[in-house]
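Could you walk me through this structure in my viewer, one selection at a time? I am a first-year student and would like to know what to click on and what I will find there.

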Amino acid sequence: MSREFPFIGSTRDVAGNELPLFKEYAWDFERDCFLYDANGRHILLTGNDALAVWIYKALKTERFSYLVYSWQYGIELKPFIGKVMGVQERYSELRRVITECLMVNPYIKSIDSYSKSIDSYSSVQENRGELVHVRITLTTIYGEVTLDV
């Protein structure tokens, strides 16, 4: 490592390319907040359960919008707003940005399948649109996991 440029070179000190156990605080996906135990402390998850929380948060965070996150973290959905695209092009691009978002995590080995379902909705202001639900099956270093996003 260079003394003049200490940020150049390997900063990860992991023996044999082995990643440490992935940990994340438990998340209530319904209420969108942390989960706590009976004593009021955060619940700590490991492995695929922790990765599910990381995936949820990464897919909810717009890339390049928050200085606290690396530019590799998050998903780019803002370019879709107001853009005229064909239906197939829109879903193809959605698949691409989801893949880009998730594959920055070294614990995720591959994304094996995507399936989508579309619900129509209308709001109080009579705006109509589509709500896309995506089911992703992916392989992590801990095994296979399927998530609905």
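Start by selecting Thr 61. Apart from residues up to four places away in sequence, Thr 61 touches Tyr 66, Tyr 69, Tyr 73, Gly 74 and Ile 75, where a contact means heavy atoms within 4.5 Å. Show those five partners too. Thr 61 sits in the loop between helix 1 (47-60) and helix 2. Is Thr 61 buried or exposed? Thr 61 counts as buried because its relative accessibility is 9%; buried means under 20% relative accessible area, exposed over 50%, and partly exposed in between, using a 1.4 Å probe and protein chains only.

A quick note before you go on: this is a predicted model, in which local features need pLDDT of at least 70, side-chain atom pairs count only at pLDDT 80 or more, and totals for chains, interfaces and linings use all residues. Residues are numbered from 1 along each chain as its sequence is written, and side-chain values use heavy atoms, leaving out hydrogens and water.

Now switch to a cartoon view of the whole chain. You should find 2 helices and 7 strands, which are DSSP runs numbered from the N terminus (helices: H or I, at least four residues; strands: E, at least two). Follow the chain from the N terminus and the order reads β-β-β-β-α-α-β-β-β. Of its 149 residues, 28% count as buried.

Next, look for the largest pocket, with a volume of about 630 Å³. Which residues are closest to its centre? Select Leu 77, Leu 94, Glu 130, Leu 131 and Val 132, out of 18 lining residues. Colour helix 2 (87-102) and strand 6 (128-140), the elements that give two or more residues to this lining. Strand 6 gives the most, with 6 residues. By class, the lining has 13 nonpolar, 2 polar and 3 charged residues.

Here a pocket is an open set of points on a 1 Å grid over the protein atoms alone, where a 1.4 Å probe fits, with protein on both sides within 12 Å along at least five of seven lines; lining residues have an atom within 4 Å of a point.

For the last stop, select Phe 22, Trp 54, Ser 70, Gln 72, Tyr 73, Val 104, Asn 105 and Pro 106, which line the second largest pocket. Its volume is about 180 Å³. You have met Tyr 73 before, as a residue that Thr 61 touches. This lining has 5 nonpolar, 3 polar and no charged residues.

Terms used: Grid points are joined across faces, edges and corners, and a volume is the space filled by probe spheres set on the points. Ala, Val, Leu, Ile, Met, Phe, Trp, Tyr, Cys and Pro count as nonpolar, Asp, Glu, Lys and Arg as charged, and the others, Gly among them, as polar.
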